[in-house]
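Here is a short walk through a two-chain model, meant to be read with the structure open beside you. We start with one residue and then widen the view.

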Amino acid sequence: MRVVVADDAVILREGLARLLTEAGLEIAGLAADADELVRLVEQQRPDVAIVDIRMPPTYTDEGLRAAQEIRARAPDTGILVLSQHVRASYALELLSGGSQGIGYLLKERVSDLRELASSVERVAQGGSVLDPLVVEQLVGRSRAGADPLEHLTPREREVLSLMAEGRSNRAIAAQLFVTEHTVEKHVKSIFATLRLPPSPDDHRRVLAVVTYLDAR
Amino acid sequence: MSVALAALMAGVGAAWLAVGRVDEPYQTADAPLALLVGWTFVGSGLVAWRQRPGNRLGPVMIVTGFAWFATFLTDAHAGWAFTLGTAIQSVYLVGFAYLVLSFPTGRLRGPVDTALIAGAAIVVTLVEWLSLLFSDSHAELCSECPPNVLLVDRNDALANGILQVQRLSGVSLALLMVALLVRRWRGATAAERRSVAPVLLAGSATVLVLAVSIANDVVGEPLGQLGKWALYCVFASVPIAVLVVLLQRRLARGAVAGLVVELGEHSDGTDLREALARALGDPSLDVAYWFPTGSRYVDREGNRMQLPGPGSGRIATVVERDAQPIAALVHDAALAENAELVQSVCAAAALTLENERLQAALRARLAELQASRARLVEATESERRRIERDLHDGTQQRLVSLAMSLGLAESKLEDDPGAAAPIVREARETLALALAELRELSQGIYPSLLTERGLEAALDDLCRRAALPATLDASLPRRVPSQVEAAAYFVASEALANAAKHSHATEVRIHARLDRGVLRVEVADDGIGGAVTGSGSGLRGLGDRVEALGGGLTLSSPPGQGTTIVVEIPCG
């Protein structure tokens, strides 16, 4: 499996490369900023790009924007965003285009080599990885115990899993051979069952997906 | 007094000469008019001279009056008197032109004005005299007149020619003068117009009548008696206009009385500016209040105001009380001519201005405090951002890297324990670095030495760690409040950092004293100077902090002479 790593701090870039090599991954290239990263990804078409959020020149959310660009230009490349802080809003932004091949982890999670390797692998295979801290921020601690998906009907679970792949209602309807209207009804029911507070639909959709991902 | 007497006698003489002319008896009607003109000039001149001894207008009017009387010598029977009279018969016109052009300052305004007066002077003297050398009195001047004693060689054609040249030049100069006056009027401000209107009007009328009269002479159709009287009347109106302006200024003093009454009625001073503008007749008037704390002028709302510079057409008259400035009236430069009025207005309004000043100063102080508070908040914010960045880029990175090393070591331990040892060593080194950075950072947030040992020890430590040689001379017998210690410490720290960064200094000296309850810390370097406390400078924020403690921060940094920063904070 081939990965590229983008982080403006040499110490972390090199350390990560060393770790990933140790884990048996192939390093296809290292980048120090977002532009370099996007170029590298287009060139190398790696399985996963590991991206730091805060990079030059403004040290704000360059990594996130780079992730969106990679999504657009190289949809097959999975993206694992690493950051020293996790923010729910960033997670929503990342997942708004579908959760396939997306990961968002705290940087310090890299200390567990096996865990890191498996995260990279999951993202490479189109899965998604969310830091427990993000999930906690998004769906709240209260649900930690019970399985939030247990009250969903099998059909609703099916719809939710397709939502998690980033599909639209129309696509889901086509896949399940039902009308779009039916899918809408299922989605509404999912929101209600998961007790997602009314908010712009996109966010509720992502929150539902996050809950789904978390509960699996 | 003697001038007035002389004028009286000259007038009587002129009248006698005029009446004594036998050839044209109906001209006796000229006498009272002529007297009126001359005496008006001399009288107005005397009044003006007394009012404004430094202004040339008075003397010019008096001389013009006498020059006017001198023209009546042409009516004398004696040849020498007649000749003298003829020779200087137009000199009064130069006085008149000077009067109108230089009003109200008494000074000519530019090279064109000066050239015009010089030209007129030549035309009425040299050209006149030249023509006299060739003019036969009977042939050229008047049939019944006494002989011309200056006659050298009678040449009618030449004399006539010179006379025509003289008249043409006279007309041209008169027209030029009208043009100048029109231009001046157009360029004048409202206040200027107000002060020169009557004189300009009378002067222009005179010039016009004069030009028409000379033009008629040139074409050989003299205006006759009516024209002459018209000229006398408009001419006499010039000194009257000057008097009117002077009287207006007297009336303006009445406006001061009105102002006093008005200020008494509206003690809140809401329309103080309006009242002052009315009293001074300058609608554009502005009031700037002195703000001593900021050493600057502010408007009513407390916003900074710049007094007008030279050449802006506006001037500021500073109003003082007890030798302290309280306000400045920013008004049209034309009002400077009426300094007495401005002074009276200032005196009348001083008390109200002082009240207004206190309020304006309060508003300015408030605005300053608000700005300083905002800067304090901003400084705190940016300090937090700095700390966050330092943590993010330093400690956090080291710790993440440490976590990686440990993860790596862990994985090695299982299948290649020998390879784990160097990784663990590396991790230990990284940890040591992280700890050092964390120590530096926490020291920067708040030096522990300051808490534990006080300012002197903290400053000493600061000097030891400074990037360039720094010495401390401190004598602080007791601890001062911690916020005072901290403020002083951070000023010194920032000053040292600045010296190391920008000053090219070779040495810094810190001097700290506690004197009569005031902590004074001075940081002086021997660098290039030229430092400023602009926005964004760390010192600006520290200055606010010091001020919040009731202290002050001063920066002295003349180019080439090093930078000295002094912070003084009362310690209660």
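## A residue on a helix of chain B

Ala432(B) sits in helix α13 of chain B, which covers residues 417-445. This is a predicted model, so please read every value below as computed from it. Is Ala432(B) buried or exposed? A residue counts as exposed if 12 or fewer other C-beta atoms lie within 10 Å of its own; Ala432(B) has 11 and is therefore exposed. In space, its C-alpha atom is 9.5 Å from that of Arg398(B), although 34 residues separate the two in sequence.

## The two chains in outline

The table puts the overall figures of the chains side by side.

| Chain | Length | Helices and strands | Buried residues | Contacts joining residues at least 24 apart, among those at least 6 apart in sequence |
|---|---|---|---|---|
| Chain A | 216 residues | ten helices, six strands | 42% of residues | 66% of contacts |
| Chain B | 572 residues | 17 helices, ten strands | 37% of residues | 65% of contacts |

Where the chains touch, 15 residues of chain A are in contact with twelve residues of chain B. On the chain A side, helix α1 (residues 10-22) gives the most, with seven residues. Sorted by class, that side of chain A has seven nonpolar, five charged and three polar residues.

## Nonpolar cores

The largest nonpolar core contains 77 residues. Among the residues with the most contacts inside this core are Leu37(A), Ala49(A), Ile50(A) and Val210(A). Both domain 1 (2-139) and domain 2 (141-215) of chain A supply at least three residues to this core. A second, separate core has 54 residues, including Ala48(B), Ala70(B), Ala97(B) and Tyr98(B).

What does Ala49(A) touch, leaving aside its neighbours within four places in sequence? Its contacts are Val4(A), Ala6(A), Leu37(A), Val41(A), Ile70(A), Thr77(A) and Ile79(A). Ile79(A) also turns up beside Gln68(A) in another pairing: the two are eleven residues apart along the chain, with their C-alpha atoms 9.4 Å from each other. Gln68(A) belongs to helix α3 (residues 62-73) of chain A, and it counts as partly exposed because it has 14 C-beta neighbours inside 10 Å.

## Two packed helices in chain B

Helix α4 (residues 79-87) and helix α6 (residues 111-134) of chain B pack with their axes 9 Å apart, at an angle of about 140 degrees. Angles over 145 degrees would count as roughly antiparallel, so α4(B) and α6(B) are oblique to each other. On the α4(B) side the contact uses Thr83(B), Thr86(B) and Ala87(B), which meet Glu128(B), Trp129(B) and Leu132(B) of α6(B). By class, the residues of this contact are three nonpolar, two polar and one charged.

## Backbone details in the loops

The loop between β3 (48-52) and α3 of chain A holds Pro57(A). A cis peptide bond, with omega about 5 degrees, joins Pro57(A) to Pro56(A). Tyr59(A) is found in the loop between β3 and α3 as well. Although not a glycine, Tyr59(A) has a positive phi of about 55 degrees; with 13 other C-beta atoms within 10 Å, Tyr59(A) is partly exposed.

Chain B has a residue of this kind too: Ala323(B), not a glycine, has a positive phi near 60 degrees. Ala323(B) lies in the loop between β4 (314-321) and β5 (324-332), and it is exposed because 5 other C-beta atoms lie within 10 Å.

Methods: Residues are numbered from 1 along each chain as its sequence is written. Chains are lettered from A and ligands numbered from 1 in the order in which they are written. This is a predicted model: local features need pLDDT of at least 70, side-chain atom pairs count only at pLDDT 80 or more; totals for chains, interfaces and linings use all residues. Axes are lines fitted to C-alpha atoms, for helices over the stretch in contact, and angles run from 0 to 180 degrees between N-to-C directions. Helices (H or I, at least four residues) and strands (E, at least two) are DSSP runs, numbered from the N terminus. Angles under 35 degrees count as roughly parallel, over 145 as roughly antiparallel, 65 to 115 as roughly perpendicular and the rest as oblique. Two residues are in contact if their C-beta atoms, placed from the backbone, lie within 7 Å. Ala, Val, Leu, Ile, Met, Phe, Trp, Tyr, Cys and Pro count as nonpolar, Asp, Glu, Lys and Arg as charged, and the others, Gly among them, as polar. A nonpolar core is a set of buried Ala, Val, Leu, Ile, Met, Phe, Trp, Tyr and Cys residues joined through C-beta atoms within 7 Å. A residue is buried if 20 or more other C-beta atoms lie within 10 Å of its own, exposed if 12 or fewer, and partly exposed in between; C-beta atoms are placed from the backbone. Domain bounds come from an automatic or database domain assignment.
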